[in-house]
Amino acid sequence: MELRLSELFGLTDEEINNSKIEANMTEGKGGKNCIDVWLKYSDEEKASGKFDDFLYWGWYGKNQRNFYPGRVVFSLVKINNLEWLLVSVGKIIDVPKGSRAIVEIVDK
């Protein structure tokens with residue numbers, strides 16, 4: 001069954017245009033599978049939507065910004081070749097150079 005994020009969250013066209021999907025597969029190149037890392041979190045930690053291991057990395061390489069303030073990011077974790085798990089939705093507050101973005105978790 002196909003389920004669109006826009007339908008699930010009731011997103012407007014403006015919200016869709018100001019959002020990004022973050023697809024997390026491994027912790028860096030050749031690292032642990034993100035789903036294995038996520039499964040080790042407690043239910044309380046999972047509910048927080050913040051995972052310092054793999055979410056909201058603000059930069060590609062040295063100078064290419066991954067996120068911009070105000071953008072909403074839907075963070076997914078790869079389960080297998082056909083399935084992804086939505087683990088967090090956050091609004092980007094700031095993107096400090098060379099680190100994770102500062103986010104406000106969206107509770108919608």
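**A colleague's note on the structure**

1. Let us begin with one residue: Asn-24 is buried, its relative accessible area being 7%. Please keep in mind as you read that this is a predicted model. Asn-24 belongs to strand β1, which spans residues 19-24. Leaving aside residues up to four places away in sequence, Asn-24 touches Cys-34, Phe-54, Leu-55, Ser-75, Leu-76, Val-77, Lys-78 and Trp-84.

2. Now for the sheet that holds this strand. Four strands make up an open sheet, arranged in the order β1-β4-β5-β6, and their pairing is mixed. At the edges sit β1 and β6 (102-105), each of which pairs on one side only. On average, neighbouring strands of this sheet are turned by 40° against each other, with direction ignored.

3. Follow the sheet across from β1. Strands β1 and β4 are parallel partners, paired over six bridges. One point to look for on screen is Ile-21, which stands opposite Phe-74 in β4. Strand β4 covers residues 72-78, and it is mostly covered itself: five of its seven residues are buried.

4. The next step takes you from β4 to β5. These two strands run antiparallel and are joined by seven bridges. A hairpin links β4 to β5 through five residues. Here Leu-76 stands opposite Leu-86 in β5, and Leu-76 is also among the residues that Asn-24 touches.

5. The last pair in the sheet is β5 with β6. Strand β5, residues 84-94, pairs with β6 in the antiparallel sense over four bridges. If you would like a landmark, Ile-92 has Val-103 in β6 as its bridge partner.

6. Have a look at Pro-69 too, in the loop between β3 (64-65) and β4. Is Pro-69 buried or partly exposed? Pro-69 is partly exposed, because its relative accessible area of 47% is not under the 20% that would make it buried and not over the 50% that would make it exposed. The chain brings Pro-69 and Ile-93 together: 24 residues separate them along the chain, while their C-alpha atoms are separated by 4.9 Å. Besides Ile-93, Pro-69 touches Ile-92, Asp-94 and Val-95, not counting residues up to four places away in sequence.

7. Tyr-56 deserves a moment of your time. Its phi is positive, about 60°, although Tyr-56 is not a glycine. You will find Tyr-56 in the loop between α4 (43-48) and β2 (59-60). With a relative accessible area of 3%, Tyr-56 is buried.

8. Finally, turn to the largest pocket, where about 400 Å³ of space lies. The idea behind such a search is simple: rolling a probe the size of a water molecule over the atoms shows where empty space is left. Which residues lie nearest the centre of the largest pocket? They are Asn-24, Thr-26, Phe-54, Trp-57 and Tyr-60, out of 18 residues in the lining. So we come back to Asn-24, the buried residue of the opening point.

9. What supplies that lining? Strands β1 and β2 each give at least two residues to the lining of the largest pocket. The largest share, five residues, comes from β1. By type, the lining residues divide into seven nonpolar, five polar and six charged.

Key:
Residues are numbered from 1 along each chain as its sequence is written. This is a predicted model: local features need pLDDT of at least 70, side-chain atom pairs count only at pLDDT 80 or more; totals for chains, interfaces and linings use all residues. Side-chain values use heavy atoms; hydrogens and water are left out. Buried means under 20% relative accessible area, exposed over 50%, partly exposed in between (1.4 Å probe, protein chains only). Contact means heavy atoms within 4.5 Å. Two strands pair if DSSP finds at least two bridges between them. Axes are lines fitted to C-alpha atoms, for helices over the stretch in contact, and angles run from 0 to 180 degrees between N-to-C directions. On a 1 Å grid over the protein atoms alone, a cavity is a set of points where a 1.4 Å probe fits but cannot get out, and a pocket is an open set with protein on both sides within 12 Å along at least five of seven lines; lining residues have an atom within 4 Å of a point. Grid points are joined across faces, edges and corners, and a volume is the space filled by probe spheres set on the points. Ala, Val, Leu, Ile, Met, Phe, Trp, Tyr, Cys and Pro count as nonpolar, Asp, Glu, Lys and Arg as charged, and the others, Gly among them, as polar.
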